[in-house]
Amino acid sequence: MSLLTQSQVYDEITKAQATQQKLAVATIVTTSGSTPQRTGAKLLVFDDGRMLGTVGGGCVEADVWTEARAALAENRPRLCRFTLRDNPDVPPDEEGMVCGGEMEVFIEVWS
Amino acid sequence: MLTAQEISTAITESLVAGRPLALVSLLEASGQVLAQTPRLLVADPGLFVGGSLGDEALEQLAARHASKLLADDRQEIVVVSVADLMPEDDAMRSRWAQTRLLFEIARPPLELIICGGGHVGQAVAKVAALLDFRITVIDDRAEFAARDKFPDPRVQLLAEDFVPALRSLRITPATHIVIVTRGHRHDEICLQEVIAQPARYIGMIGSRRRTTTIRERLKREGVPPALLQRVHAPIGLDIGALTPEEIALAILAEIVLVRRGGDGRPKSADGPMARAR
């Protein structure tokens, strides 16, 4: 999986701005413990709901998307902390996920 | 405040020139995320390219740390507490408590030059494509520097003599060179051509005996020992590779190791490979 490069991200922001479109840029800035996520991974969420890039997929991606939508609505950047805990109701073997780490996601709004 | 357009232009200009660029963002100040994120662009070695963090002392610190990161290939993104950048100064530490900087390093895309379009060269191109290298293949035989041998349209093909082809390419610290021509004579010609270039990695195929002979001959011809020591020959990690594909894997494994650091040993301490540790 190749991640969005810095050039791609700022090109996309510039393009969006040229068409008066607002977007949020979510970046995984720190991780600790066991997570499949990579620092530096970026997800772009546009005002019309379109997405580009990935922060690693799975539930985290959905959570980041929700936060990005909220940041867009509020028009303010935010720093979110996520704990990737196994679901306590499901034994780890059945869930098959190897998580247990934490990560910080910085979400910025460009308009 | 830097605009996205300014950041985009600065990154593009820097990468085209083969140089990395650091983007420093004030992630939080005194525990607060600011409505607008102050940003600074820093080029190697610690040169301000644009933007502002709103405080000169903070910018100096940021530039110094950025130049350290720029010089280390493995660094891509890191968050640093400002207080950790000035551990000796208590007054400054309390002024910058709970203030963190995000450093993001944009690096030029990795380039790979493959000298030789034979079986090994073809396999190296396949494995390198997985790792997002920009690939150029040189072979003086047009039927080997050919699209049917390298179907990936992103692979640049140069059907020319090795020396003029190598001279036509820009070799930067983002360039990796794999020398796998059809014979030792051409391998040596390629090696001699690139040995003084600022490439990140230079590797040449061949047995230990053959590569030693080439090293010794180049040494007699006046190539400084420090340059000869940069050359990975025989090429690749020792994984017992036999087929061209396995050899390609061993070569790319070595390239990753050089770039990311590591010791090339099995990670498991008590698995079946434990004796190798």
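Begin with the aromatic rings: over all chains, this structure holds one aromatic pair. Keep in mind throughout the tour that you are looking at a predicted model.

**Stop 1: the two rings in chain A**

Select A:Tyr10 and A:Trp110 and turn the view until both rings are visible. A pair of aromatic rings is described by the distance of the centres and the angle of the planes. For A:Tyr10 and A:Trp110 the centres are 6.0 Å apart and the planes stand at 85°, so the pair is edge-to-face; planes over 60 degrees apart are counted in that class. Now colour the chain by secondary structure, and you will find A:Tyr10 in helix 1 (residues 6–18) of chain A and A:Trp110 in strand 5 (residues 102–110) of chain A, so the pair ties together parts that are 100 residues apart in sequence.

While you are in chain A, select A:Gln20, which sits in the loop between helix 1 and strand 1 of chain A. The phi angle of A:Gln20 is near 60°, which is a positive value in a residue other than glycine.

**Stop 2: where chain B meets chain A**

Show both chains together, and select the residues of each that touch the other. Here 24 residues of chain B are in contact with 25 residues of chain A, and the area buried between the two chains is about 1,900 Å², with carbon and sulfur atoms giving 56% of it. On the side of chain B, select B:Ala4, B:Val33 and B:Ile77, the residues that lose the most area to chain A and that together make up 26% of what that side buries.

Next, look at the charged side chains. Side chains of opposite charge can pair when their charged atoms come close. Over all chains the structure holds 20 salt bridges, and four salt bridges are found across the interface of chain B and chain A. Select B:Glu104 and A:Lys42, which form a salt bridge whose closest N and O atoms are 2.7 Å apart. Then select B:Glu76 and A:Arg38, whose side chains meet in a salt bridge with 3.4 Å from N to O. This pair crosses between chains, running from B:Glu76 in the loop between helix 2 (56–70) and strand 4 of chain B to A:Arg38 in the loop between strand 1 (23–32) and strand 2 (42–46) of chain A.

Polar contacts can be displayed as well, and between chain B and chain A there are seven residue pairs in polar contact, with both residues at pLDDT 80 or more. Which elements of chain B each supply at least two residues of the side that touches chain A? They are helix 1 (4–16), strand 1 (21–28), strand 4 (77–81) and strand 5 (100–106) of chain B, and helix 1 of chain B gives the most, with six residues. Coloured by class, the residues on this side of chain B divide into 14 nonpolar, four polar and six charged.

**Stop 3: the two domains of chain B**

Hide chain A and colour chain B in two parts, because it is divided by an automatic or database domain assignment into domain 1 (8–106) and domain 2 (111–260). The centres of these two domains, taken over C-alpha atoms, are separated by 36 Å, and their contact takes six residues from domain 1 and four residues from domain 2 of chain B.

The area buried between the two domains is about 480 Å², and carbon and sulfur atoms give 30% of it. Select B:Gly18, B:Asp73 and B:Arg74, which supply 73% of the area that domain 1 buries against domain 2, more than any other three residues. Two salt bridges are found across this interface. Add B:Arg200 to the selection, and you will see its side chain meet that of B:Asp73 in a salt bridge with 2.2 Å from N to O.

**Stop 4: two cis peptide bonds in chain B**

Select B:Asp44 and B:Pro45, which are joined by a cis peptide bond with omega about -10°; B:Pro45 lies in the loop between strand 2 (39–43) and strand 3 (47–52) of chain B. Finally, select B:Ala233 and B:Pro234, where a cis peptide bond has omega about 0°, and follow the chain around B:Pro234, which is placed in the loop between strand 11 (231–232) and helix 9 (244–260) of chain B.

Notes. Residues are numbered from 1 along each chain as its sequence is written. Chains are lettered from A and ligands numbered from 1 in the order in which they are written. This is a predicted model: local features need pLDDT of at least 70, side-chain atom pairs count only at pLDDT 80 or more; totals for chains, interfaces and linings use all residues. Side-chain values use heavy atoms; hydrogens and water are left out. Contact means heavy atoms within 4.5 Å. Buried area is the accessible area (1.4 Å probe) that two parts lose on being put together, summed over both. A polar contact is a pair of N or O atoms within 3.5 Å; within protein, one must be able to donate a hydrogen and the other to accept it, and residues adjacent in sequence count only if both atoms are side-chain atoms. Helices (H or I, at least four residues) and strands (E, at least two) are DSSP runs, numbered from the N terminus. Ala, Val, Leu, Ile, Met, Phe, Trp, Tyr, Cys and Pro count as nonpolar, Asp, Glu, Lys and Arg as charged, and the others, Gly among them, as polar. Rings of Phe, Tyr and Trp (its six-membered ring) pair if their centres lie within 6.5 Å; planes under 30 degrees apart count as stacked, over 60 as edge-to-face and the rest as tilted.
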